[in-house]
Amino acid sequence: AVTIGSNCCLSQGSYILTGNHDYSKSTFDLMVKPVVMEDGAWLGAKAVLCPGVKMNSHSVLAVGSVATSDLEENTIYQGVPAVKVRERV
């Protein structure tokens with residue numbers, strides 16, 4: 001499931017992923033987890049939001065970054081994997 005709040009921005013080429021496969025099993029089972037973008041969240045160009053990740057209110061995932069864990073509200077994240085770089089003012 002994908003939940004997108006009000007006034008969110010999904011920039012060009014960004015990805016929202018809700019599924020992955022369990023490489024440790026010979027059956028390569030599908031694993032599905034929900035993704036949430038709360039109000040005002042911004043998913044940058046070519047950024048990737050991984051399964052099970054929540055972008056809290058007004059968080060930003062910078063261009064080309066990969067979010068593998070939840071993003072704090074009013075905070076900017078960057079890198080692979082994404083790390084907190086500064087507060088969003």
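Colleague: Before we start, what does contact mean here?

Modeller: Contact means heavy atoms within 4.5 Å. This is a predicted model, in which local features need pLDDT of at least 70 and side-chain atom pairs count only at pLDDT 80 or more, while totals for chains, interfaces and linings use all residues. Residues are numbered from 1 along each chain as its sequence is written, and side-chain values use heavy atoms, with hydrogens and water left out.

Colleague: OK, so what is asparagine 7 in contact with, leaving aside its neighbours within four places in sequence?

Modeller: With those neighbours set aside, asparagine 7 is in contact with Gly40 and Ala41. Asparagine 7 also lies 9.0 Å from glutamate 38, C-alpha to C-alpha, although 31 residues separate the two in sequence.

Colleague: And where is the place of asparagine 7?

Modeller: Asparagine 7 belongs to the loop between β1 and β2 (9–10), where strands (E, at least two residues) are DSSP runs numbered from the N terminus.

Colleague: Is asparagine 7 buried or exposed?

Modeller: Asparagine 7 is exposed because its relative accessible area is 73%; buried means under 20%, exposed over 50%, and partly exposed in between, with a 1.4 Å probe and protein chains only.

Colleague: Switching to cysteines, how many disulfides does the structure hold?

Modeller: The structure holds 0 disulfides, a disulfide being a pair of cysteine sulfur atoms within 2.5 Å. For cysteine 9, the nearest cysteine sulfur is that of cysteine 8, at 8.7 Å, and for cysteine 50 the nearest is again that of cysteine 8, 18 Å away.

Colleague: Which of the classes, buried or exposed or partly exposed, does cysteine 50 fall in?

Modeller: Cysteine 50 is buried, since its relative accessible area is 16%, while cysteine 9, at 33%, is partly exposed.

Colleague: What about the sheet, which order do the strands have?

Modeller: The order is β3-β8-β11, in an open sheet of 3 strands with parallel pairing, and two strands pair if DSSP finds at least two bridges between them. The edge strands, each pairing on one side only, are β3 (15–16) and β11 (66–67).

Colleague: How many bridges join strand β8 to β11?

Modeller: Strand β8 (residues 48–49) is joined to β11 by 2 bridges, and the two run parallel; leucine 49 stands opposite alanine 67 in β11.

Colleague: Last topic, where is isoleucine 4 found?

Modeller: Isoleucine 4 sits in strand β1 (residues 2–4), and it counts as partly exposed because its relative accessibility is 42%.

Note on methods: Helix = DSSP H or I, 4+ residues; strand = E, 2+ residues; numbered from the N terminus.
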